[in-house]
Amino acid sequence: MNKHSDPNNVMSSERKSTEPIPDGSGHSNSEARQKRSAIRLLFIIAAVTILTVFILTACGNASNNSTHMHGSETFETTDSFDQRPAFLADYSNLTRTLYAEAANLGDILKQINCYCGCMDEEDKMHDSLYRCYIAEEKDGKVTWTDHSAGCGICLEEVQDIVKLHKEGKSVDQIRKAIDDKFKPDRIS
Ligand SMILES: [Zn+2]
């Protein structure tokens, strides 16, 4: 009887002593559950934030090269000569081709004057026809200007230079041909 009642007593005393504990552990279980769901929520927020930032920067890089206004000109910087400025999408196929040719024949363009009037400006920003297409080369990056895209003379000069270059003319011959055709009479 004693043996029988002893386990009962132990059981009941254990139960009694353990009864409050399940309540307590139940309470701490729901706290842990809340913590776990809060952590899961934080993970989701972090993941969504990282994904959003990633998508935004990826799109930003794809569509927007660094573009800014420079006086009346729009400057756009690309990673290389092979990467053409996005502003050319607003212009004709001929204009896009002539921008590509201007980059290809850069060494010649640097020795040719532009006669659209841009070299007469007070600020002297344009020192050659080259500057009408490409404003700056730095650390392998190329800053294009839309100046020529809106200038018939800048475009026509390059069109002629391409033709003369294909004919095998020297830079001096090309410069003379351009001067003869485009140089205003008032400039001696
Ligand atoms: Zn010009």
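Two strands count as a pair when DSSP finds at least two bridges between them. With that rule in mind, one can turn to the first hairpin of this predicted model, in which strands S1 and S2 are separated by 2 residues and Gly71 in the turn has a positive phi of about 65°.

## Overall layout

The chain contains 6 helices and 4 strands, and their order along the sequence follows the pattern α-α-β-β-α-α-β-β-α-α. Of its 188 residues, 19% count as buried. Among the contacts between residues at least 6 apart in sequence, 48% join residues that are at least 24 apart.

## The sheet

Strands of a sheet pair through backbone hydrogen bonds, and the pairing may be either parallel or antiparallel. In this model the 4 strands form an open sheet in the order S1-S2-S4-S3, with antiparallel pairing. Strand S1, which covers residues 66-70, and strand S3 stand at the edges with a single partner strand each, so one side of each has no neighbour in the sheet. From one strand to the next, the twist averages 20°.

The table sets out the pairings of the sheet, with the number of bridges and an example of residues that stand opposite each other.

| Strand pair | Bridges | Example of opposite residues |
|---|---|---|
| S1 and S2 | 5 bridges | His68 and Phe75 |
| S2 and S4 | 4 bridges | Phe75 and Thr145 |
| S3 and S4 | 4 bridges | Ile134 and Trp144 |

Two residues of strand S2 (residues 73-78) help to show how the strands are aligned in the sheet. Phe75 stands opposite His68 of S1, and the bridge partner of Phe75 in S4 is Thr145. Glu76 stands opposite Trp144 in S4, while Trp144 also stands opposite Ile134, a residue of strand S3, which spans residues 134-138.

## The second hairpin

Strands S3 and S4, the latter made of residues 141-145, run antiparallel and form a hairpin with 2 residues between the strands. Asp139 is placed in the loop between S3 and S4, and its phi is near 50°, which is a positive value in a residue other than glycine. Most residues other than glycine have a negative phi. Is Asp139 buried or exposed? Asp139 counts as exposed, because 5 C-beta neighbours lie inside 10 Å and the cut-off for an exposed residue is 12 or fewer.

## How the helices pack

Helix H5, made of residues 152-166, packs with helix H3, made of residues 93-104, and the axes of these two helices come within 10 Å and cross at roughly 60°. That angle makes H3 oblique to H5, and the crossing of the two helices is left-handed. On the side of H3, the contact is made by Thr95, Leu98, Glu101 and Ala102, which meet Leu155, Val158, Gln159 and Val162 in H5. The residues of this contact divide into 5 nonpolar, 2 polar and 1 charged.

H5 also packs with helix H6 (residues 171-182), at an angle of about 140° and with the axes 10 Å apart. The crossing of H5 and H6 is right-handed. Which residues make this contact of H5 and H6? From H5 come Ile153, Glu157, Asp160, Ile161, Leu164 and His165, and from H6 come Gln173, Ile174, Ala177, Ile178, Lys181 and Phe182. Sorted by character, the residues of the contact of H5 with H6 divide into 7 nonpolar, 2 polar and 3 charged.

## A residue in helix H3

Ala100 lies in helix H3, and Ala100 is partly exposed, because 16 other C-beta atoms are within 10 Å, a count that falls between the limit of 12 or fewer for an exposed residue and the limit of 20 or more for a buried one. Ala100 and Tyr133 are 33 residues apart in sequence, and the distance between them in space is 9.6 Å from C-alpha to C-alpha.

Methods:
Residues are numbered from 1 along each chain as its sequence is written. This is a predicted model: local features need pLDDT of at least 70, side-chain atom pairs count only at pLDDT 80 or more; totals for chains, interfaces and linings use all residues. Axes are lines fitted to C-alpha atoms, for helices over the stretch in contact, and angles run from 0 to 180 degrees between N-to-C directions. Angles under 35 degrees count as roughly parallel, over 145 as roughly antiparallel, 65 to 115 as roughly perpendicular and the rest as oblique. A crossing is left-handed if the near helix is turned anticlockwise from the far one by less than a right angle, and right-handed if clockwise. Two residues are in contact if their C-beta atoms, placed from the backbone, lie within 7 Å. Ala, Val, Leu, Ile, Met, Phe, Trp, Tyr, Cys and Pro count as nonpolar, Asp, Glu, Lys and Arg as charged, and the others, Gly among them, as polar.
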